[in-house]
Amino acid sequence: MKRVEGNHVKVQIMSMSACSSCHANGACSAADMQDKEVDVISETGSFEPGQQVVIVGSRSQGLKATWWAYVLPLVLVVTTLAVTFTYSGDENLAGALALLVLVPYFLMVYLAGKAMKKTFSFSVKSKIE
């Protein structure tokens, strides 16, 4: 827990890759660890800075996130690749366009950030030790 302002809570998450916690982590770089912040609305509001908490999201939110981040971009890339290669016969052009189609897609996802924040809402609860 980083900051608490009424029922608005800012939680700091240490995100690390799976290899950074293994026994050979000395061979890996520290770039595998990142600090991220998540804004959460707390129903109870009984949290203090420094307290360890658990962030909870629904399974449907996980499926939606998978759809937007992985499935739909894959469908766009494969469709663009197939259509472009079918009509042009040029593999280089098809490959380039298949990758370039991701630029406007992720730009639109970025610009839809406020709508995404409403769709993906999390709750916070005290960590039980």
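I began with burial and noted that buried residues, those under 20% relative accessible area by a 1.4 Å probe with protein chains only, make up 17% of the 129 residues in the chain. The model is predicted, so I kept in mind that local features need pLDDT of at least 70 and side-chain atom pairs pLDDT 80 or more, while totals for chains, interfaces and linings use all residues. Residues are numbered from 1 along each chain as its sequence is written, and side-chain values use heavy atoms, with hydrogens and water left out.

**Fold**

I then looked up the secondary structure, taken as DSSP runs numbered from the N terminus (helices H or I of at least four residues, strands E of at least two), and found 4 helices and 5 strands. Read from the N terminus, the elements follow the order β-β-β-β-α-α-α-α-β.

**Largest pocket**

I turned to the largest pocket, a pocket being an open set of points on a 1 Å grid over the protein atoms alone, where a 1.4 Å probe fits and protein lies on both sides within 12 Å along at least five of seven lines. It holds about 480 Å³ of space, the volume being the space filled by probe spheres set on points joined across faces, edges and corners. Its lining (residues with an atom within 4 Å of a point) counts 17 residues, of which Val 38, Asp 39, Lys 117, Phe 120 and Phe 122 are the closest to the centre. Strand E2 (8-16), strand E3 (33-41), H1 and helix H4 (113-119) each give two or more residues to this lining, and E3 gives the most, with 5.

**Surface patch**

On the surface I noted a nonpolar patch formed by Trp 67, Trp 68, Tyr 70, Val 71 and Val 75, with about 500 Å² of accessible area together. Such a patch joins nonpolar side chains (Val, Leu, Ile, Met, Phe, Trp, Tyr) within 5 Å, from residues with over 30% relative accessible area and no salt bridge, that is, no side-chain nitrogen of Lys or Arg within 4 Å of a carboxyl oxygen of Asp or Glu. Tyr 70 belongs to helix H1 (residues 59-88) and is exposed (over 50%) because its relative accessible area is 60%.

**Two strand residues**

Last, I checked Val 56 in strand E4 (residues 53-56), which is partly exposed at 32% relative accessible area; its C-alpha atom is separated by 5.6 Å from that of Phe 122, 66 residues apart along the chain. Lys 125, in strand E5 (residues 123-126), is partly exposed at 48%, and its C-alpha atom is separated by 8.2 Å from that of Ser 42, 83 residues apart along the chain.

How values were computed
Patches are made of residues with over 30% relative accessible area and no salt bridge: like charges are joined within 9 Å, nonpolar side chains (Val, Leu, Ile, Met, Phe, Trp, Tyr) within 5 Å. Accessible areas come from the Shrake-Rupley method with a 1.4 Å probe; for residues, only the protein chains shown count as cover.
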